[in-house]
Amino acid sequence: MKVDNRKVALIGTGMVGMSYAYAMLNQSACDELVLIDVNRMRAEGEAMDLNHGLAFAPSNMKIYAGDYEDCRDADIVAICAGVAQKEGESRLDLLKRNAAVFQSIVDPVTASGFNGIFLVATNPVDIMTRITCDLSGFNPRRVLGTGTTLDTARLRYLLGGYLKVDPKNVHAYVIGEHGDSEFVPWSQAMLATKPILSLCGEKGSRKICQGDLEQIAEEVRSAAYRIIEAKHATYYGIGMAMTRITKAILGDEHSVLTVSAMLKGEYGQSGVFAGVPCIINQNGIQSVLTLSLTEEELDHLASSCKTLQKSYEEISFPE
């Protein structure tokens, strides 16, 4: 009897990688998880630590430290390796430092015979996802980044608090760069099926103000900086976002998530990776879900994509 084995190879066992692994274990997101790190001893220690909690987990999972050869039969290779974002440093400032790291990762993964889906979390995630696609030669639909999934979750959390409703009933997105040029297309923000902008000025027990909405968007945009200032790094939220994407892939869910995807003419943009709503299934990105943005919102997205394109063009890989 053939038993399906959902296998994930995690590269990078820092705080982001291990927050992902911990969330995966507690949500039974896969059957086999291999931890790969340049520091093999650390990977082995992390595997031991997770295995010691298996008795309390909802289901069994095979967890072990491995190497790039173990990527051969993986369904997903999740990349969390890279240098950390420093206090006051923008995500784009990380670019050249992390681009060099990825050269030493993607080549041995593809050399192993890996033929699954790349999931990238390393910042600046949109550009690192594009670099992964370039280095691997994979179909862009099988290379995706965490994009603005966490930003979108932050937005829905804050809007839920502001509107005094369950965030799960808030349908709004953050799109563009996962970084300073990201924005909220308010024309597409809904409370259930009611446009949130229509609540502004509406009579009722709670006055909804456009200025408050813009303040919420700014809080979302600056959230990572505030967390880094307070605790030097962010990892729980992105680990859970990665787990959500992983479950959508392995479960062939056809879920809509704002991952970093290559645009191929959508929104008038081509060749650039940016965070946009996509339908995610077992093949990666089934399609980009094109929103009906206003002209102003299209301009915002074009500006964000221009920022990403400019930064990408500044990369110079060593020979």
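Student: Quick one to start: is aspartate 31 buried, partly exposed or exposed?

Tutor: Aspartate 31 is partly exposed, with a relative accessible area of 24%. Keep in mind that this is a predicted model.

Student: Okay. Which side chain does aspartate 31 meet in a salt bridge?

Tutor: That would be arginine 6, with 3.1 Å from N to O. Aspartate 31 sits in the loop between helix H1 (15-26) and E2, while arginine 6 is in the segment before E1, so the pair ties together parts that are 25 residues apart in sequence.

Student: And arginine 6, how does its accessibility come out?

Tutor: Arginine 6 counts as partly exposed too, at 28% relative accessibility.

Student: How many salt bridges does the structure hold?

Tutor: There are 9. Another one joins glutamate 32 to lysine 7, where the closest N and O atoms are 3.7 Å apart. That pair also links distant parts of the chain, with glutamate 32 in strand E2 and lysine 7 in strand E1, 25 residues apart.

Student: Are glutamate 32 and lysine 7 buried or exposed?

Tutor: Glutamate 32 is buried, and lysine 7 is buried as well. They also belong to a network of salt bridges that links Lys7, Glu32 and Asp73.

Student: What about the strands those two sit in? How do E1 and E2 run?

Tutor: E1 and strand E2 (residues 32-36) run parallel, joined by 5 bridges. Lysine 7 has glutamate 32 as its bridge partner in E2, so you can find this pair both in the strand pairing and in a salt bridge.

Student: Why call E1 largely enclosed?

Tutor: In strand E1 (residues 7-11), 5 of the 5 residues are buried, so the rest of the structure largely encloses it. Lys7, Ala9 and Ile11 point one way from E1, Val8 and Leu10 point the other way, and all are buried.

Student: Switching to the open sheet with E7 in it. What's the strand order?

Tutor: The order is E7-E8-E9, 3 strands with antiparallel pairing. Strand E7 (170-171) and strand E9 (194-195) are at the edges with a single partner strand each, so one side of each has no neighbour in the sheet.

Student: How many bridges hold E8 and E9 together?

Tutor: Strand E8 (residues 190-191) pairs with E9 over 2 bridges, in the antiparallel sense. Methionine 190, for instance, has proline 195 in E9 as its bridge partner.

Student: Now the surface. Which residues form the negative patch?

Tutor: Glu214, Glu295, Glu296 and Asp299 form it. Helix H8 (residues 295-313) gives the largest share, 3 residues.

Student: Where is glutamate 214, then?

Tutor: Glutamate 214 is in helix H6 (residues 210-231). It counts as partly exposed, at 39% relative accessibility.

Student: While we're in H6, what does arginine 221 meet in a salt bridge?

Tutor: Arginine 221 meets the side chain of glutamate 218, at 2.9 Å from N to O. The two are 3 residues apart in helix H6, which means they are separated by about one helical turn. Glutamate 218 is partly exposed, at 34% relative accessibility.

Student: Backbone oddities next. Which peptide bond is cis?

Tutor: The one from asparagine 123 to proline 124, with omega near -5°. Look for proline 124 in the loop between strand E5 (117-120) and helix H4 (125-136). As a rule, most peptide bonds are trans and most residues other than glycine have a negative phi.

Student: So what is phi at histidine 232?

Tutor: Near 75°, a positive value in a residue other than glycine. Histidine 232 lies in the loop between H6 and helix H7 (236-250), and it is exposed, with a relative accessible area of 59%.

Student: And what about phi at aspartate 252?

Tutor: Aspartate 252 has a positive phi as well, near 50°. Its place is the loop between H7 and strand E10 (255-264), and aspartate 252 counts as partly exposed at 28% relative accessibility.

Student: Last one: where is threonine 148, and is it buried or exposed?

Tutor: Threonine 148 is in the loop between strand E6 (143-145) and helix H5 (149-163). At 0% relative accessibility, threonine 148 counts as buried.

How values were computed:
Residues numbered from 1 in each chain as written. Predicted model: local features only at pLDDT ≥ 70, side-chain atom pairs only at ≥ 80, totals over all residues. Heavy atoms only, no water. Patch = residues over 30% accessible without salt bridge, like charges linked within 9 Å, V, L, I, M, F, W, Y side chains within 5 Å. Areas by Shrake-Rupley, 256 points an atom, 1.4 Å probe, with all protein chains shown as cover. Salt bridge = Lys/Arg side-chain N within 4 Å of Asp/Glu carboxyl O. Lys, Arg positive; Asp, Glu negative; His and termini not counted. Charge placed at Lys NZ, Arg CZ, Asp CG, Glu CD. Helix = DSSP H or I, 4+ residues; strand = E, 2+ residues; numbered from the N terminus. Buried < 20%, exposed > 50% of the residue type's maximum accessible area, 1.4 Å probe, protein only. Pairing = 2+ DSSP bridges.
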